[in-house]
Amino acid sequence: MKSGASVRSYVMTKRAESAAATAERILDAAAGVFEAGTPIAGITLEAVAARAGVSVQTVLRRFGDKDKLFSATAGRQAARVAAERDAAVPGDLAGAVANLAAHYERDGHLALRLLAEEASSPFMAAVTAAGRAYHRSWCGQVFGPFLDGLHDDERNRRLAQFVAVGDVYVWKLLRVDAGLGREAYIQAILELLEPLTRRT
């Protein structure tokens with residue numbers, strides 16, 4: 001027979017799991033409302049709550065206000081992106097491009113939505129600035145072996161080239177605007193990057 005302490009511990013664990021699941025559902029709802037096309041300024045807590053199947057009071061109790069809710073949503077998305085992209089192995093050009101392609105296939109349109117709102121939303125501007133900083137850092141790490149030994153000016157220029165070729169806008173130009181398939185996009189990016197890996 002279970003003791004009172006073990007029963008209380010079980011109940012507390014279940015409550016914590018339920019609360020965590022509710023928080024995730026609310027974050028999914030907040031992201032979903034934005035991804036469905038509503039500008040962040042027009043998103044209401046009522047819309048998020050309705051999509052999550054909870055009350056507005058539950059959203060407020062979990063996150064405090066709209067700013068904190070979307071800060072948590074952005075933080076979760078950034079963590080997901082980092083977990084995926086940080087798996088790329090430095091110096092593995094094909095692997096890095098495949099990793100980048102997988103990321104953009106899943107999140108490219110979302111990234112473009114964020115960028116479209118950065119001029120009108122200080123919050124979005126902060127999110128996109130963090131995204132740019134992460135992308136540059138990722139390029140510096142993943143393409144680091146191709147940067148080793150270069151002098152400052154040449155290294156900075158070469159890193160900027162890696163950053164530019166791997167940018168989401170290039171994905172849009174090739175994959176969306178030009179209509180290239182995923183494999184054709186990967187091949188095109190490899191063809192652009194490969195000369196940058198050569199030592200002259």
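Student: In this predicted model, what makes F162 count as buried?

Tutor: F162 has 0% relative accessibility. Buried means under 20% relative accessible area, so F162 counts as buried.

Student: How do you know whether F143 and F146 are buried or exposed?

Tutor: The same cut-off of under 20% applies. F143 has a relative accessible area of 3%, so F143 is buried. F146 has 16%, so F146 is buried too.

Student: Why is the pair of F143 and F162 called stacked?

Tutor: The ring centres are 4.4 Å apart, and pairing needs centres within 6.5 Å. The planes stand at 10°, and planes under 30 degrees apart count as stacked, so this pair is stacked. F143 lies in the loop between helix 6 and helix 7, and F162 lies in helix 7, so the pair ties together parts 19 residues apart in sequence.

Student: What makes the pair of F146 and F162 tilted?

Tutor: The centres are 6.4 Å apart, within the 6.5 Å limit. The angle of 35° between the planes is neither under 30 nor over 60 degrees, so the pair is tilted. F146 and F162 also belong to one aromatic cluster with W138 and F143.

Student: Why is helix 5 called oblique to helix 9?

Tutor: The axes of helix 5 (residues 93-117) and helix 9 (residues 182-193) cross at roughly 135°. Angles over 145 count as roughly antiparallel, and 65 to 115 as roughly perpendicular. The angle fits neither range, nor the one under 35 degrees for roughly parallel, so helix 5 is oblique to helix 9. Their contact has 13 nonpolar, no polar and two charged residues.

Methods: Residues are numbered from 1 along each chain as its sequence is written. This is a predicted model: local features need pLDDT of at least 70, side-chain atom pairs count only at pLDDT 80 or more; totals for chains, interfaces and linings use all residues. Side-chain values use heavy atoms; hydrogens and water are left out. Axes are lines fitted to C-alpha atoms, for helices over the stretch in contact, and angles run from 0 to 180 degrees between N-to-C directions. Helices (H or I, at least four residues) and strands (E, at least two) are DSSP runs, numbered from the N terminus. Ala, Val, Leu, Ile, Met, Phe, Trp, Tyr, Cys and Pro count as nonpolar, Asp, Glu, Lys and Arg as charged, and the others, Gly among them, as polar. Rings of Phe, Tyr and Trp (its six-membered ring) pair if their centres lie within 6.5 Å; planes under 30 degrees apart count as stacked, over 60 as edge-to-face and the rest as tilted. Buried means under 20% relative accessible area, exposed over 50%, partly exposed in between (1.4 Å probe, protein chains only).
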